[in-house]
2 protein chains.
Amino acid sequence: MKRDSRLSGVLHVLLHMAEHSGPATSEVLAKAMSTNPVVIRRIMAGLREQGYVRSEKGHGGGWTLARDLAEITLRDIYDALGRPSLLAMGNRTEAPGCLVEQAVNTALDKAFHDAEALLLARLGEVTLAALSADFHARLTARSGSLTTEFDHA
Amino acid sequence: MKRDSRLSGVLHVLLHMAEHSGPATSEVLAKAMSTNPVVIRRIMAGLREQGYVRSEKGHGGGWTLARDLAEITLRDIYDALGRPSLLAMGNRTEAPGCLVEQAVNTALDKAFHDAEALLLARLGEVTLAALSADFHARLTARSGSLTTEFDHA
DNA sequence: GCTTCATGTAACTTCATATGTTACATAAGG
DNA sequence: CCTTATGTAACATATGAAGTTACATGAAGC
């Protein structure tokens, strides 16, 4: 199962934007994420609709945060991405009339639902500000300069 | 994200085997699951190695349960399948040296790990016997005959 | 023995989807 | 009006589950 890394990617981008003064272009963010500018725009489009970021065209344009990091939880970002399925496993739906399948699916669904609920609750507890604070803690722990550590490549 | 339905499929097959007197051939199980016999064999191969089922070739051959349903939990089956990833979401690993990515991944990993642990715990609480009991309860609730309800098609 | 029925397995195709790329339209500075 | 940026469609690629075909292996019945 290939795992969806969009949530991880978006959070990465948003934190980089927070460290960036002024609008950050898709190209700059793409370089930092070793990906393509179009991928950045595609991911950010959903966030813009939800009001988490703003975009501006033309000279001096790019992406800026529209809210304080303390107001955004990981759950918010997950929702803004369209709530992609969290679990890699699902039920067969070939024969929903089969009572055996119903028994199996009912049991699995319960376990799956509980796990999803816990995960969503955990994501709701963490703000981007907390992640940013963790980042800065790691930064000082390494005693490196911001610009140096900021580079990926 | 396409979801892996092997666990659901295997449980379905095992419960059908429990209702089946004598060895069930891959072809019979495949028909009940509306899939291909080879898919059945592929999935069952792992279970055989773990001692949950036996297979016999030739006339009168097929698959039989090697243990009591009460001794097998959903977690056991999950393990026998090779513990495929439970979560559909993962971390980017493009720039593991990036402190921003480290902060993001640490937070996500924690949430993911908690959810996985809960799910595995839940799976460990449910035995195949419990699922079978649920199936039989549904059967009597519908007041149908076993042979009729057993058919998918 | 030989035929038949079944599993065992490799190799291939198909399908879904995240990800990456190209191309071009649109809008805002200068 | 040229440059810079986003916006988006269209296409390409990669991965992995699921399905299929083909053939080998082994056990029962004749």
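Let's start at one atom pair. The side chain of A:Ser5 puts an N or O atom 2.6 Å from a phosphate oxygen of DNA strand C. That is a polar contact, meaning a pair of N or O atoms within 3.5 Å; within protein, one must be able to donate a hydrogen and the other to accept it, and residues adjacent in sequence count only if both atoms are side-chain atoms.

Quick ground rules. This model is predicted, so local features need pLDDT of at least 70 and side-chain atom pairs count only at pLDDT 80 or more, while totals for chains, interfaces and linings use all residues. Residues are numbered from 1 along each chain as its sequence is written, chains are lettered from A and ligands numbered from 1 in the order in which they are written, and side-chain values use heavy atoms, with hydrogens and water left out.

Back to the DNA. Chain B reaches it too. B:Arg41 has a polar side-chain atom 3.2 Å from a phosphate oxygen of DNA strand C. B:His59 goes to a base instead: its polar side-chain atom lies 3.0 Å from a base oxygen of that strand.

Which elements give two or more residues to the surface near DNA strand C? Chain A offers helix 3 (37-49). Chain B offers helix 3 (37-49), strand 1 (53-56) and strand 2 (62-65). Helices here are DSSP runs of H or I with at least four residues, strands are runs of E with at least two, and both are numbered from the N terminus. Helix 3 of chain B gives the most, with 4 residues.

Now the whole surface. How many residues surround DNA strand C? The count is 28, and the closest are A:Ser5, B:Met1, B:Ser26, B:Arg41 and B:Arg48. Sugar and phosphate make up 60% of the strand's atoms that come within 4 Å of the protein. "Near" means that a heavy atom of the residue lies within 4 Å of the strand. By class, we have 6 nonpolar, 11 polar and 11 charged residues. Nonpolar covers Ala, Val, Leu, Ile, Met, Phe, Trp, Tyr, Cys and Pro; charged is Asp, Glu, Lys and Arg; the others, Gly among them, are polar.

Next, salt bridges. Each one is a side-chain nitrogen of Lys or Arg within 4 Å of a carboxyl oxygen of Asp or Glu. The structure holds 14 over all chains.

Take A:Glu125 and A:Arg122. Their closest N and O atoms are 3.9 Å apart. The two sit 3 residues apart in helix 5 (residues 99-125) of chain A, so about one helical turn separates them. Buried or exposed? A:Glu125 is exposed, at 55% relative accessibility. A:Arg122 is partly exposed, at 27%. The cut-offs are under 20% relative accessible area for buried, over 50% for exposed, and partly exposed in between, with a 1.4 Å probe and protein chains only.

Over to chain B. B:Asp79 pairs with B:Arg83 at 2.9 Å. B:Asp79 is partly exposed at 23%, and B:Arg83 is exposed at 54%.

B:Asp134 and B:Arg138 also meet, at 3.4 Å, N to O. Both lie in helix 6 (residues 128-142) of chain B, 4 residues apart, about one turn. Both are partly exposed: B:Asp134 at 26%, B:Arg138 at 21%. Elsewhere, shared partners link A:Lys110, A:Asp114, B:Arg122 and B:Glu125 into one salt-bridge network.

Last, the cysteines. How many disulfides does the structure hold over all chains? The number is 0; a disulfide needs two cysteine sulfur atoms within 2.5 Å. A:Cys98 is buried at 2%, and B:Cys98 is buried at 3%.
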